[in-house]
Every structure is written in C-alpha cells, then in structure tokens.
Amino acid sequence: MSELWYKIVMSSTGMLIFFGIFLAWMILRKIEKGRGGKKSLYPTVMLLGGLLTSLGFTWGILGSGGMTAAVLSLILIGPAMIGYALANVGVERITGRLMIQSVLTLLSLFLAGNYSTVAVDVAYAGPFLALLLLMNAHIMIVSGIQKHLIVVSSWLIVLFSWTRYVLDDTYGMIKAIIVLPYVAAVLLWVGVLTVTYFKLSSNYPGIHITAQEGL
C-alpha cells in the first residue's frame with residue numbers, strides 16, 4: 001500500500017501540471033492576440049488534453065480500483081491531444097535536446113514491468129513526453145535564467161522516467177528522494193510559466209514572439 005504522503009504529493013503534482021497547462025493555454029491565447037491572428041481551437045484541445053492527463057494521474061493514484069482501463073485511456077488520450085495541439089500551433093522547431101530527451105525517456109521502457117505492469121509503464125511514458133514537448137515550446141519564448149530553469153526541469157523529468165521503476169520497493173526518505181526530481185521539475189516549470197504569463201501581460205520586451213516560435 002502506498003504511503004499517504006506519496007499519494008498526496010503525486011495527486012497534487014498532477015493537479016499542478018494541469019494548472020501549468022492552463023497557464024500555457026493563456027500564454028498561447030496572448031501570443032495569438034499579439035500576432036493579430038484568428039483564434040484557433042488547438043489551444044483548447046491542449047487544455048482538454050491536460051485536464052484528461054491530470055484526471056488520469058489523480059484517479060490512478062487515489063482511486064481504489066488501481067490502473068483501470070478508464071485511467072489508462074485518460075493518460076494515453078490526454079498527452080496525444082497535447083501533442084496534436086502543439087503540432088498545429090506552430091511548434092515546428094524540434095531541437096536536438098528534445099530528441100535526445102525523448103529517446104532516453106522511451107529507452108526507460110526497457111525497465112517496464114518492474115514498476116507495476118508493462119501496460120501501465122508504457123502508458124506513463126505518454127505524459128512524460130507531453131511535458132517535454134510543452135517545456136520545449138516554452139524554452140523557445142524565454143531567455144536567460146528562465147530558459148536555463150526550464151532546461152533543468154526537462155532533464156529532471158527524464159531522470160524520473162528512469163528512477164520511477166523502484167518506487168514500489170522503497171519507503172520513507174528513499175522514496176521521497178526518488179520523487180523529488182519530478183516534483184522539482186513541475187514546480188520549476190509552473191514557476192517560470194507564471195513569470196512568463198505576467199511578463200506577457202505587462203508587454204515585457206524580453207519575450208520574443210515570431211510567426212513560428214513559441215507556444
């Protein structure tokens with residue numbers, strides 16, 4: 001049985017991820033407005049994908065039925081919607097860093113089966129890849145310390161994609177140390193998203209927006 005603090009932390013982080021995607025949605029709307037273009041449905045698709053992913057994470061952790069087919073569907077469909085939306089709003093710049101991180105995350109699936117079941121492990125790779133896509137898009141519109149923080153955040157996600165497999169075999173402080181990179185990654189990402197949003201709201205000159213860059 002999972003420790004209570006672990007359930008609270010992971011479910012809270014899932015909701016925080018949705019808040020981050022909500023911030024990304026608002027940033028995208030502001031960028032669309034700044035470009036003078038017509039509003040599209042893709043940002044809403046991204047937001048709905050984030051909601052499904054967050055619900056899947058929370059339901060899977062707190063639900064008494066474990067990883068049911070419904071939960072697995074949510075954490076597969078949600079990230080797919082996020083990826084589809086990003087692919088249609090101008091995120092065309094696939095960086096070498098993103099490629100390496102994605103490959104490393106997928107390679108972690110060689111350990112599948114140690115954490116719970118192969119199906120569950122494969123399903124969880126989807127949200128990780130979606131987060132990496134969102135972070136890569138965010139990197140394109142920030143600079144300086146904010147960019148460095150997002151890069152660090154994305155690598156922490158990759159790290160957790162490997163270390164998560166031993167969570168069920170650990171307790172207490174060791175479990176907390178394994179979870180810490182994931183929680184830190186989400187907090188860093190949401191923190192920089194918040195700063196980005198307020199900078200855009202105040203027309204901060206350090207945000208660079210071009211026709212095919214950014215969120």
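Which residues form a nonpolar patch on the surface? In this predicted model, the patch consists of Val-103, Leu-107, Phe-110 and Trp-162. Together these four residues have about 410 Å² of accessible area.

Two members of the patch can be placed in helices. Val-103 lies in helix α4, which covers residues 96-107. Trp-162 belongs to helix α6. Neither residue counts as buried, because buried requires under 20% relative accessible area. Val-103 has a relative accessible area of 44% and is therefore partly exposed. Trp-162 has a value of 34%, so this residue is partly exposed too. Val-103 can also be located relative to Leu-129. The two residues are 26 places apart in sequence. In space, their C-alpha atoms are 9.7 Å apart.

The overall architecture is helical. The protein contains 7 helices and 0 strands. Read from the N terminus, the order of elements is α-α-α-α-α-α-α. Of the 215 residues in the protein, 47% are buried. The accessible surface comes to about 10100 Å². Carbon and sulfur atoms account for 72% of that surface. Contacts were also sorted by separation in sequence. Among those between residues at least 6 apart, 77% join residues at least 24 apart.

The interior was examined next. The largest nonpolar core has 47 residues. Within this core, the residues with the most contacts are Met-46, Ile-157, Tyr-182 and Trp-189. Two or more core residues come from each of α1 (4-35), α2 (42-62), α3, α5 (118-139), α6 (144-163) and α7 (172-201). Helix α7 provides the largest share of the core, with 12 residues.

Met-46 shows how parts of the chain come together. Neighbours within four places in sequence are set aside here. Met-46 is then in contact with Ile-21, Ala-24 and Trp-25, among others. Its further partners include Ile-82, Ala-85, Leu-86 and Leu-134.

Three of these partners, Ile-82, Ala-85 and Leu-86, are buried residues of helix α3. This helix spans residues 69-87 and has 19 residues. From first C-alpha to last, α3 reaches 27 Å. That span is close to the 27 Å expected at 1.5 Å a residue. Other buried positions in α3 include Val-71, Leu-72, Leu-74 and Ile-75. Gly-78 and Pro-79 are also buried in this helix.

Methods: Residues numbered from 1 in each chain as written. Predicted model: local features only at pLDDT ≥ 70, side-chain atom pairs only at ≥ 80, totals over all residues. Heavy atoms only, no water. Helix = DSSP H or I, 4+ residues; strand = E, 2+ residues; numbered from the N terminus. Expected span 1.5 Å × (residues − 1). Buried < 20%, exposed > 50% of the residue type's maximum accessible area, 1.4 Å probe, protein only. Core = buried A, V, L, I, M, F, W, Y, C linked by side-chain atoms within 4.5 Å. Contact = heavy atoms within 4.5 Å. Patch = residues over 30% accessible without salt bridge, like charges linked within 9 Å, V, L, I, M, F, W, Y side chains within 5 Å. Areas by Shrake-Rupley, 256 points an atom, 1.4 Å probe, with all protein chains shown as cover. Salt bridge = Lys/Arg side-chain N within 4 Å of Asp/Glu carboxyl O.
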